[in-house]
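Work through the exercises below with the structure open. Each task is followed by a stepwise solution.

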Amino acid sequence: FMPLEMPNSVLVRFTGKRKTGITVRDMVNAIPYAAIQQGLLTVEKKNKKNIFAGAVLEIEGVDDLSVEEAFELTDASAERSAAGCAIRLPLDTVVANVKSNVELLQTLVDDGYQDVTCIKNRIAELTTWLEKPSLLVADDNAQYLNIIEIDLAEITEPILACPNDPDDVRRLSEVAGTTIDEAFVGSCMTHLSHLQAASALIADEPYAKAQLWVAPSTRMDQDSMQKEGGMAVFAQVGGRVELPGCSLCMGNQARVRPGATVISTSTRNFDNRLGDGAQVYLASTELTAITGLKGVIPSPKEYFEFLESKK
């Protein structure tokens, strides 16, 4: 007889509607927050519980997200120590994204990109998929290690990861008023829309009170921001724009001052990763940009009022 396999997936089901100002990054942090509340995850390392460790994280109920936003949500599964992550999106959303990727890859071919054969093969694979698009979905009778339900309507303020553990997530009101020395917008958790959001928030504002760092994830994002004039906006508030790449997130292009208190859009905040002895909060681009301007983590009221003022 074949032994029955134990389920090795954790289902996260989002319901409800997000409040304006609650970002995908807050959804990222809402996952460990909910797990902690349910006793499925502990921050304490001794006898640590982690329902996600070695499991596949499956996410559903996010039909309003773009593929880029879905990537941001799934990318953080590594911080949960998960073996992988799958997210359920509408087929139309994925098809539109694949079509745009084909167009982008074709521009690289037209521009004389070095390894044209590799790109052409990729274009062919994507084009074949588009002829009969389909997505992997869970069986109706799928079994899970656990099902975590998160009502987005109940998330009334941003959620941050606190120094120095991506599992140590807390509501904004619990850490408001903390003085911040440096703020970083970058890492693989960000894409073009994050840079655009940060630029819109800091436009016409006084010099940032914290040292503000910005690193586009790709050269394409950098080129798009330059065409829009967004890079100049960062410079006008004293922002230091890094070359596209990991930068402070990996601490491999630059590092914060030793002992600095930092707010960052990075994936992780392990000890000494961004700088020696740095104390690092992980938050959304919006909260990071606002905090960088103020030099202090704002209260929920200040955060939402600042967003409203920029409409």
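A crossing of two helices is right-handed if the near helix is turned clockwise from the far one by less than a right angle, and left-handed if anticlockwise. The model used here is predicted.

**Exercise 1.** Describe how helices α6 and α9 pack.

Solution.
1. Two packed helices are described by the angle between their axes and the distance between the axes.
2. For α6 (residues 192-202) and α9 (residues 285-294), the angle is about 35 degrees and the axes lie 9 Å apart.
3. The α6 and α9 crossing is right-handed.
4. On the α6 side, the contact is made by His194, Ala197, Ala198, Leu201 and Ile202. On the α9 side, Thr285, Glu286, Ala289, Ile290 and Leu293 take part.

**Exercise 2.** Characterise the salt bridge between Arg255 and Asp276.

Solution.
1. The N to O distance between the two side chains is 3.0 Å.
2. Arg255 sits in the loop between β9 (240-241) and β10 (261-264), while Asp276 is in the loop between β10 and β11 (279-282). The partners are 21 residues apart, so the pair links distant parts of the chain.
3. Arg255 is partly exposed because its relative accessibility is 34%; Asp276 is partly exposed as well, at 46%.

**Exercise 3.** Classify the partners in the salt bridge of Arg240 and Glu242 by exposure.

Solution.
1. Buried means under 20% relative accessible area, and exposed means over 50%.
2. Arg240 has 42% and therefore counts as partly exposed.
3. Glu242 has 9%, so Glu242 is buried.
4. The side chains of the pair meet at 3.0 Å, N to O.

How values were computed
Residues are numbered from 1 along each chain as its sequence is written. This is a predicted model: local features need pLDDT of at least 70, side-chain atom pairs count only at pLDDT 80 or more; totals for chains, interfaces and linings use all residues. Side-chain values use heavy atoms; hydrogens and water are left out. Axes are lines fitted to C-alpha atoms, for helices over the stretch in contact, and angles run from 0 to 180 degrees between N-to-C directions. Helices (H or I, at least four residues) and strands (E, at least two) are DSSP runs, numbered from the N terminus. Contact means heavy atoms within 4.5 Å. A salt bridge is a side-chain nitrogen of Lys or Arg within 4 Å of a carboxyl oxygen of Asp or Glu. Buried means under 20% relative accessible area, exposed over 50%, partly exposed in between (1.4 Å probe, protein chains only).
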